[in-house]
Amino acid sequence: MIHTELLSFFDQNTGVIKGRPTVERRLSDLRSSFVDENAYETALNAGDPIIYTVASVEPATGPGQLHYGLGIIMPGKVGDEYYLTKGHLHAWREAAELYFGLSGQGFMLLEDEHSGQSIAIPLAPGSAVYVPAHAAHRTINTGTVPLSYLGVYPSEAGHDYGAIANRNFGSVVIEHEGKPVVVDRRQYLNDRTAASNTETAEKN
Ligand code: F6R
Ligand code: MN
């Protein structure tokens, strides 16, 4: 019953969990995640920085077992939109998850896969965010320093990235007048189109 996986050592500043694997996600891995495609291409032409890393611990797998991960998202934006994770639903849709904020400031965007209803919940040191079943979830760094957090989930949760890749989240978290605001994705795109049409009309 007792095995060697009962204790791990994590460093919330480096994102490393001693002896465990770390996955790196770069800007090029996040194609179609950001709302502003032109800003994305411009950013990618300038370089391909690491946007976030996730180190994970998988002590045992099976009914009742838990896995957990340490995530760190760098500060930054693509256009107006803050750096974010790809986001996913759990392959096993009933699987919930608990996120604990460790350092930095940000949000978790939760979106119910059936109703499409979404909510942005602050994630910061001292806060725990419960991700319910059937909720797509994405983490966003709205601060000026790295955002780190722990996510604890059933070992059988799995990741389904496909559903998000197809339709993306209905809301985006952008900087407006120096502050993070949550806006509807379509509304944001419509407003941008309207603004660029006005600009073109004024030039002609
Ligand atoms: C696991 C979980 C987290 C994320 C991590 C990276 O279920 O929610 O460990 O995997 O925050 O986000 P994604 O997986 O969306 O790239
Ligand atoms: Mn998850």
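The following exchange concerns the metal site and the ligand pocket of a predicted model. Residues are numbered from 1 along each chain as its sequence is written, and ligands are numbered from 1 in the order in which they are written. Side-chain values use heavy atoms, without hydrogens and water.

Me: What makes His88, His90, Glu97 and His137 donors of the manganese ion (ligand 2)?
Reply: Donors are N, O and S atoms within 2.8 Å of the metal (3.2 Å for Na, K and Ca). The atoms NE2 of His88, His90 and His137 and OE of Glu97 lie 2.1 to 2.3 Å from the ion, so they qualify.

Me: Why is the site of the manganese ion (ligand 2) called octahedral?
Reply: Six donors count as octahedral if opposite donors are over 155 degrees apart and all others between 65 and 115. This site has 6 donor atoms with angles of 74 to 173°, and it is classed as octahedral.

Me: What makes histidine 88 a polar contact of ligand 1?
Reply: A polar contact is a pair of N or O atoms within 3.5 Å. A side-chain N or O atom of histidine 88 is 3.0 Å from an oxygen atom of ligand 1, so the pair counts. For tyrosine 99 the corresponding distance is 2.5 Å, and for histidine 159 a polar side-chain atom lies 3.2 Å from a ligand oxygen. The protein covers 97% of the 390 Å² of accessible area (Shrake-Rupley method, 1.4 Å probe) that ligand 1 has on its own.

Technical notes:
Predicted model: local features only at pLDDT ≥ 70, side-chain atom pairs only at ≥ 80, totals over all residues. Tetrahedral: all angles 85-135°; square planar, octahedral: opposite > 155°, others 65-115°. Polar contact = N/O pair within 3.5 Å; in protein donor to acceptor, adjacent residues only side chain to side chain.
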